[in-house]
Amino acid sequence: MKRRQFLTASLTAGAALVLRSRTLLAAGGSGPYPLPKLPYAYDALEPYIDARTMEIHYTKHHKAYVDKLNAAVAGTSWASKSPDELLTQLDLLPASIRTAVRNNGGGDVNHTMFWSFMSHRGGGQPKGELAAAIEADLGGFDKFAKTFSAAAVGQFGSGWAWLVFDPKSKKLAVTSTPNQDSPISAGQVPILGIDVWEHAYYLKYQNRRPDYVQAFFHVIDWDHVAMRHAEALKV
Ligand code: MN
């Protein structure tokens, strides 16, 4: 590689890192996008999420999404955009890489958010402004929990259930998406979500997805979700 090409490649990779809207630190790796660092130890969410599932989910599944996203955009001008930006511009992508970016960019962004939705200090209920919004828009916490759980359990096959903020209506809503589709692509701001792919729970819960969804409520980091909600309100 000539010096000039090398510099261009370095600048492009650097710009992608700067543009990447995430608070997590990079964990190395090749290509424009790093695998974000897991914000806790594999066993941090025991007994609700077991260490083995967490390790495989992060080191195999999330990493595979990042690797495939990197492979899809390598050598294209799209590599200078953050994965979040790519997901808001799927229609503009060349057909040759659109599906790969939708699936693997979605997989990367969704999992990065997913890790941050959970904490060993999680559980309980939201407070303050988020609690008030859930009351006003979704009929209160109990009703929200029921609706969200039903969306998670009822998502046919692989996918996600979400609590999103809709910037147009300024309201919260519960939704679900198939595969790795992200609410970001629909112009919504995800503030909470649960991965209901079997790889997220099968080792511990086998076919008992409802038990996994119930366990998830014990590790939801409501302070973080409230922060995302507060940020969404500002946009
Ligand atoms: Mn997953």
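This is a guided tour of one predicted model, stop by stop.

**Stop 1: the whole chain**

Start with the protein chain shown as a cartoon. Its secondary structure comes to nine helices and three strands. Now follow the chain from its start. The pattern reads α-α-α-α-α-α-β-β-β-α-α-α.

Switch on the surface. The accessible surface comes to about 11,800 Å². Carbon and sulfur atoms hold 56% of that area. Of the 235 residues in the chain, 46% are buried. Next, think about contacts along the sequence. Among contacts with a separation of 6 or more, 65% join residues 24 or more positions apart.

**Stop 2: the manganese ion**

Select the manganese ion. Which residues coordinate the manganese ion? They are His57, His111, Asp195 and His199. Each histidine uses its NE2 atom, and Asp195 uses OD. The distances run from 1.9 to 2.1 Å. Along the chain, the donors follow the spacing H-x53-H-x83-D-x3-H.

Colour these donors by accessibility. Asp195 has a relative accessible area of 0%, so Asp195 is buried. His199 stands at 19%, and is buried as well, because the cut-off for buried is under 20%.

**Stop 3: His111**

Stay with the metal site and pick His111. His111 lies in helix 4, which spans residues 95–116. Is His111 buried or exposed? At 0% relative accessibility, His111 counts as buried.

Show what surrounds His111. Leaving out residues up to four places away in sequence, His111 touches His57, His62, Tyr65, Trp160, Gln180, Asp195 and His199. Three of these names, His57, Asp195 and His199, also appear among the manganese donors.

**Stop 4: Gln180**

Move from His111 to one of its contacts, Gln180. Where is Gln180? Gln180 sits in the loop between strand 2 (171–178) and strand 3 (189–195). With 2% relative accessibility, Gln180 counts as buried.

Display the neighbours of Gln180. Beyond four places in sequence, the residues it touches include Arg102, Asn103, Gly106, Gly107 and Asn110. Trp197 is also touched by Gln180. Tyr65 and Trp160 are contacts of Gln180 and of His111 too.

**Stop 5: back to helix 4, at Ala100**

Select Ala100, which lies in helix 4. Ala100 is partly exposed, at 26% relative accessibility. Among residues over four places away in sequence, Ala100 touches Ala72 and Gly105.

Now measure to Lys68. Ala100 and Lys68 are 32 residues apart in sequence. In space, their C-alpha atoms are 7.4 Å apart.

**Stop 6: the loop between helix 1 and helix 2**

Go to Pro39. Pro39 lies in the loop between helix 1 (3–19) and helix 2 (51–73). Pro39 counts as partly exposed, at 41% relative accessibility. Draw a line from Pro39 to Trp115. Along the chain they are 76 residues apart, yet 7.1 Å separates their C-alpha atoms.

Slide along to Pro47, which is found in the loop between helix 1 and helix 2. Look at the peptide bond from Glu46 to Pro47. What is the form of this bond? The bond is cis, with omega near 0°. Most peptide bonds are trans.

**Stop 7: two positive phi values**

Most residues other than glycine have a negative phi. Two residues here are worth a click.

Select Lys170, in the loop between strand 1 (159–166) and strand 2. The phi of Lys170 is near 60°, a positive value. Lys170 is partly exposed, with a relative accessible area of 43%.

Then select Gln206, in the loop between helix 7 (202–205) and helix 8 (209–216). Gln206 has a positive phi of about 45°. Gln206 is partly exposed, with a relative accessible area of 29%.

**Stop 8: helix 5 against helix 9**

Finish with two helices. Select helix 5 (residues 128–138) and helix 9 (residues 222–234). At what angle do they pack? The angle is about 75°, and the axes are 9 Å apart. That makes helix 5 roughly perpendicular to helix 9.

Show the side chains at the contact. Helix 5 brings Glu129, Leu130, Ala133 and Ile134. Helix 9 brings Trp222, Val225, Ala226, His229 and Leu233. Colour these residues by type. They divide into seven nonpolar, one polar and one charged.

Definitions and conventions
Residues numbered from 1 in each chain as written. Predicted model: local features only at pLDDT ≥ 70, side-chain atom pairs only at ≥ 80, totals over all residues. Heavy atoms only, no water. Axes fitted to C-alpha atoms, helices over the stretch in contact; angles between N-to-C directions. Helix = DSSP H or I, 4+ residues; strand = E, 2+ residues; numbered from the N terminus. Parallel < 35°, antiparallel > 145°, perpendicular 65-115°, else oblique. Contact = heavy atoms within 4.5 Å. Nonpolar A, V, L, I, M, F, W, Y, C, P; charged D, E, K, R; others polar. Buried < 20%, exposed > 50% of the residue type's maximum accessible area, 1.4 Å probe, protein only. Areas by Shrake-Rupley, 256 points an atom, 1.4 Å probe, with all protein chains shown as cover. Donors = N, O, S within 2.8 Å, 3.2 Å for Na, K, Ca; no water.
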